[in-house]
Amino acid sequence: MSYPRLLALLGALVAALFVGSLLTGVAAAGPGESLRALFLPEGPLTLVMREIRLPRAILGVLVGASLGLSGAALQGLMRNPLAEPGLIGVSGAAGLGAVLAIQTGLVAAFALALPLAALTGAALGVALMLGLAGRGGGTLGLILAGVALSALASAATALVLNLSPNPFAANEIVFWMMGSLADRSFAHVALAGPVMALGWALIARTGRGLEALTLGEDAAISMGVDLGRLRLTLVAGVAAAVGAATAVAGTVGFVGLVVPHLLRRAVGGRPARLLPASALGGAALVLAADIAVRLVLPGRDLKLGVLLALVGAPVFLHLIWRMRGQP
């Protein structure tokens, strides 16, 4: 399959799932009635479509694209198919910021306190990681700093849960960490969208460098690639995209790990081509999973992160099984 045709098919899949997300919900209305209510004022259904389902579907696209794009970028930088956004610790730091906002009661002060706290945690985490890695730390330094940051954020989150005197806050923290797009509004889209777009723009600038890096660091340097600037640009882009995604959706795993794997062969193993394909693939996967959580066990509030882990882990194990014996 040609590359333009692959992108067209993925784009069509995302569009179809976006419409499917708009039409899925507890409100008893037909597809035509629901879509008409989206554009024409027809009472309570218009409110449901515009204020509940539309921002949820938009966030599904934004979060999925951010995670898929970030996973492909990190795997290209580290030349390791096991790299994923959680490796650099940004999602853990964002989660810690959100957990502190819930535990301290800051979320009750104003509606966007939780995503703002998560974004602040992500920004502080990136600053700490870059400080630990140092200017000459290289890719290995970034990985080690990210692993250390992720472990530190996980330990701090566990400590907050352990010492929480309020069982309701602890329960809210646990549910938030499972990941979800339910009850999100256009305020969340407006808060996270520009930060994600900044991250996408930074990652898009690294395509040429990632292509050169497939030949090795020495060859990339000889081709005029500034590896230090490439790493900094890519890490900043991933931090912005993943930090904003975690801020509005909680912890959602496996998208950045599995999607690039599934699409790598289709793009001929070229990192620059894998970036847009993974963004579209990630958006399709998150939209499909978000539709599924509303159809499977309706009324039981199945979480997005739980479903993606249940589906993503077996798929990843299958990929590893198929890779056995390959050089």
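# Reading helices, burial and a pocket

Modeller: Let's start with helix α8, where His188, Val189, Leu191, Ala192, Gly193, Met196, Gly199 and Ile203 are buried. Please keep in mind that this is a predicted model.

Biologist: What makes a residue count as buried?

Modeller: A residue is called buried when its relative accessible area is under 20%. Those α8 residues are covered by elements that include α3, α5 (113–133), α9 (207–213), α11 (227–249) and α13.

Biologist: How do you know what length to expect for α8?

Modeller: Helix α8 covers residues 186–204, which makes 19 residues. The expected span is 1.5 Å times one less than the number of residues. For α8 that gives 27 Å, and the first and last C-alpha atoms are 26 Å apart, which is close.

Biologist: Where does α8 bend, and which proline follows?

Modeller: The bend is at Ala192 and amounts to about 30°, with Pro194 following within four residues. Helix α3 has a kink too: about 35° at Arg53, shortly before the proline Pro55.

Biologist: What span does α3 reach, and what is expected?

Modeller: Helix α3 has 35 residues and reaches 50 Å from first C-alpha to last, close to the expected 51 Å.

Biologist: What makes you call α3 mostly covered?

Modeller: Of its 35 residues, 27 are buried. One residue of α3 is Thr46.

Biologist: Why is Thr46 called buried?

Modeller: Its relative accessible area is 7%. The cut-off for buried is under 20%, so Thr46 belongs in that class. Setting aside residues up to four places away in sequence, Thr46 touches Ala37, Leu40 and Pro41.

Biologist: Is Arg36, in helix α2 (residues 31–39), buried, exposed or partly exposed?

Modeller: Arg36 has a relative accessible area of 42%. That value falls between the 20% and 50% cut-offs, so Arg36 is partly exposed. Its C-alpha atom is 25 Å from that of Ala289, a residue 253 places away along the chain.

Biologist: What about Val311, in helix α14 (residues 304–322): why is Val311 put in its class?

Modeller: Its 43% lies between 20% and 50%, so Val311 is partly exposed. Val311 and Ala289 are 22 residues apart in sequence, with their C-alpha atoms 9.1 Å apart.

Biologist: How do you know whether Ser278 of helix α13 is buried or exposed?

Modeller: Ser278 has 0% relative accessibility, which is under 20%, so Ser278 is buried. Apart from neighbours within four places in sequence, Ser278 is in contact with Gly68, Leu69, Ala72, Val259, Pro260 and Leu263.

Biologist: And what makes Leu210, in helix α9, buried or exposed?

Modeller: Leu210 also comes out at 0%, under the 20% cut-off, so Leu210 is buried. Beyond four places in sequence, Leu210 touches Ala73, Gly76, Leu77, Leu230, Leu234, Pro271 and Leu275. Between Leu210 and Val225, 15 residues apart in sequence, the C-alpha distance is 9.3 Å.

Biologist: Why is α4 described as largely enclosed?

Modeller: Eleven of its 14 residues are buried, so the rest of the structure largely encloses α4. Among these buried residues are Val90, Ser91, Gly95, Leu96 and Ile102. Helix α4 (residues 90–103) should span 20 Å, and its end C-alpha atoms are 20 Å apart, which agrees.

Biologist: What is notable about the phi of Asp183?

Modeller: Its phi is near 60°, a positive value in a residue other than glycine. Most residues other than glycine have a negative phi. Asp183 sits in the loop between α7 (167–177) and α8. With 76% relative accessibility, over the 50% cut-off, Asp183 counts as exposed.

Biologist: Which residue just after α3 takes a positive phi?

Modeller: That is Arg79, with a phi of about 50°. After α4 comes Gly105, whose phi is positive and near 85°.

Biologist: What lines the second largest pocket?

Modeller: There are 25 lining residues, and Gly25, Val26, Arg56, Ala182 and Arg294 lie nearest the centre. Two elements give two or more residues each to this lining: α3 (44–78) and α13 (271–295). By type, the lining has twelve nonpolar, four polar and nine charged residues. The space in this pocket is about 500 Å³.

How values were computed. Residues are numbered from 1 along each chain as its sequence is written. This is a predicted model: local features need pLDDT of at least 70, side-chain atom pairs count only at pLDDT 80 or more; totals for chains, interfaces and linings use all residues. Side-chain values use heavy atoms; hydrogens and water are left out. On a 1 Å grid over the protein atoms alone, a cavity is a set of points where a 1.4 Å probe fits but cannot get out, and a pocket is an open set with protein on both sides within 12 Å along at least five of seven lines; lining residues have an atom within 4 Å of a point. Grid points are joined across faces, edges and corners, and a volume is the space filled by probe spheres set on the points. Ala, Val, Leu, Ile, Met, Phe, Trp, Tyr, Cys and Pro count as nonpolar, Asp, Glu, Lys and Arg as charged, and the others, Gly among them, as polar. The bend at a residue is the angle between axes fitted to the seven residues ending there and the seven starting there. Buried means under 20% relative accessible area, exposed over 50%, partly exposed in between (1.4 Å probe, protein chains only). Contact means heavy atoms within 4.5 Å.
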